[in-house]
Amino acid sequence: MIHPIPNGTRDVLPDEMRELRAITEAMRGVFEHRSYGEVWTPTIEFEDVLRHGETGVDPGYRVFDDHGHVMALRADMTVPIARVVATRYATAEPPLRFSYFAHAYRGVRPHRGQMREFLQAGIELIGAPGPHGTVEALTVLCEALDAVGLVGYRIALGSASLYPALLNTFDVRPEVGEKLLSALGDRDFVRLEREVAAHGVDDALVRVPQLRGGPEVLDEITGGEADGLRAILADLPDAVRERIVLDLGLARGLGYYTGSVFDVLDPALGEPLGGGGRYDGLLARFGRDLPAVGFALHVDRLHLALAGEEAA
């Protein structure tokens, strides 16, 4: 007899559980050493509270409680921690440092093999503006990946504000800009080129987001976005800077990012292992206006990447 489980979920058996536990314990040691206190928030929250985050991600599950309130399972930990800071740390002196190991839930496209439920490990650094706050987050990220034994990873670094600034520079109409941002968010450069050509806007809107490499790619752009990325690179420890690849087309899927963003890449896996960035406007939506930066790692993907490196 077959007893199915929901699409996008899975069972984890003892052998794999031991390996996953070793990964999370190695990262926990790094987070504790760096004074990031571990927090735990409810898996289920009021949907209107989660909507303050404007993540752009569909909830994996919605339910009604016994009073008729619409509830949703959290899509990440950043929004709940923003709520915690505004309510439980309303007068605490920043910076505030939090870490977590928790499951998140997201709506996915059917039949794509994507997970609705997945384990995240990450940090949130609240009240530390860029670039030094971003430098700390990137440093902790690399220390955590080193601690679990990942070898071949790289960090793609870009800016969430770069492409919107380009749209403003070339006076792109809002409805056209939305199409271009959608194509860029999907990393669909063929569609991006088609939309740029169809609307007769400057081809820099195709060329610039395809620039990847070292600091020299910043010579192709001007303005605060380039200056911000240069400042981050200048302050990074050498061991972290060696891991960085600039990606001027990087656009993460969550809608609250405002500045520098980054993805963790490894040749052993064909998709990001996680990532993060600055979200300097999110805390204000919950009543406490503080700059912030953080990252989340997808523990299952990290496990697969480690296995792939060992098999290579």
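## A friendly tour of a predicted model

The side chain of Thr-9 reaches the backbone oxygen of Pro-6 at 2.6 Å. The model is a predicted one, and two people now talk it through.

Colleague: Let's stay with Thr-9. Is Thr-9 buried or exposed?

Modeller: Thr-9 is found in the segment before α1 (14-33). Leaving aside its neighbours within four places in sequence, Thr-9 is in contact with Tyr-61, Met-115 and Glu-117. Buried means under 20% relative accessible area. Thr-9 has a relative accessible area of 18%, so the word for Thr-9 is buried.

Colleague: Now the big picture. Which strands are the edge strands of the sheet of 9 strands?

Modeller: This open sheet has the order β1-β5-β6-β12-β11-β10-β7-β9-β8, and its pairing is mixed. An edge strand pairs on one side only. That picks out β1 (37-38) and β8 (212-213).

Colleague: Which helices pack on that sheet?

Modeller: One of them touches β5 (96-105), β6 (117-126), β7, β10, β11 and β12 (292-298), and its direction makes about 20° with that of β12. Another, at residues 224-235, touches β7, β9 (244-247) and β10, with a direction about 150° from that of β7. The helix making the 20° angle is α4, and the helix making the 150° angle is α9.

Colleague: Why is strand β10 described as largely enclosed?

Modeller: Look at what pairs with β10. Strand β7 (residues 154-159) is joined to β10 by 6 bridges, and the two run antiparallel; β10 is also antiparallel to strand β11 (residues 269-278), through 5 bridges. Strand β10 covers residues 260-266, and it is largely enclosed by the rest of the structure because the buried ones number 6 of the 7 residues.

Colleague: Which residue of β10 stands opposite Ser-159?

Modeller: The pairing of β7 with β10 is antiparallel. One bridge matches Ala-156 with Asp-263 in β10. For Ser-159, the residue opposite in β10 is Ser-260.

Colleague: And how many residues does the hairpin from β10 to β11 use?

Modeller: These two strands run antiparallel, and Val-264 stands opposite Gly-274 in β11. The hairpin that joins β10 to β11 passes through 2 residues.

Colleague: There is another open sheet, with 3 strands. What is its average twist from one strand to the next?

Modeller: Its order is β2-β4-β3, with antiparallel pairing, and the edge strands are β2 (44-46) and β3 (62-64). Strand β4 (residues 70-73) pairs with β3 over 3 bridges, and Phe-64 stands opposite Val-70 there. From one strand to the next, the twist averages 35°.

Colleague: Let's turn to the inside. Which helix gives the most to the largest nonpolar core?

Modeller: That core has 65 residues, and those with the most contacts inside it are Met-27, Phe-31, Ile-155 and Leu-180. With 9 residues, the helix that gives the most is α4 (residues 132-148).

Colleague: Which residues does Met-27 contact, beyond its neighbours within four places in sequence?

Modeller: Met-27 is among the residues with the most contacts inside the largest core. In general, nonpolar side chains tend to be buried together in soluble globular proteins. For Met-27, the contacts are Phe-101, Ala-121, Ala-144, Val-148, Leu-297, Val-299 and Leu-302.

Colleague: How many residues are in the second, separate core?

Modeller: Its members include Val-79, Phe-98, Val-261 and Ala-296. The second core has 26 residues.

Colleague: Why can we say that the buried residues of α7 lie on the same side?

Modeller: In helix α7 (residues 189-199), Arg-191, Leu-192, Glu-195 and Val-196 are buried. What covers them includes α5 (162-169), α6 (174-185) and α8 (204-207), while Val-190, Glu-193, Ala-197 and Ala-198 are exposed on the other side. The buried residues are on the same side because they cover an arc of only 135°.

Colleague: What follows α7?

Modeller: The next residue has a positive phi, near 65°. That residue is Gly-200.

Colleague: Last one! How many residues of α3 are buried?

Modeller: Helix α3 runs over residues 78-88, and its buried residues include Thr-78, Pro-80 and Arg-83. They pack against β2, α2 (47-50), β5, β6 and α11 (282-285). Helix α3 is largely enclosed by the rest of the structure, because its buried residues number 9 of the 11.

Key: Residues are numbered from 1 along each chain as its sequence is written. This is a predicted model: local features need pLDDT of at least 70, side-chain atom pairs count only at pLDDT 80 or more; totals for chains, interfaces and linings use all residues. Side-chain values use heavy atoms; hydrogens and water are left out. A nonpolar core is a set of buried Ala, Val, Leu, Ile, Met, Phe, Trp, Tyr and Cys residues joined through side-chain atoms within 4.5 Å. Buried means under 20% relative accessible area, exposed over 50%, partly exposed in between (1.4 Å probe, protein chains only). Helices (H or I, at least four residues) and strands (E, at least two) are DSSP runs, numbered from the N terminus. Contact means heavy atoms within 4.5 Å. The arc is that of the directions from the helix axis to the C-beta atoms. Two strands pair if DSSP finds at least two bridges between them. Axes are lines fitted to C-alpha atoms, for helices over the stretch in contact, and angles run from 0 to 180 degrees between N-to-C directions. A polar contact is a pair of N or O atoms within 3.5 Å; within protein, one must be able to donate a hydrogen and the other to accept it, and residues adjacent in sequence count only if both atoms are side-chain atoms.
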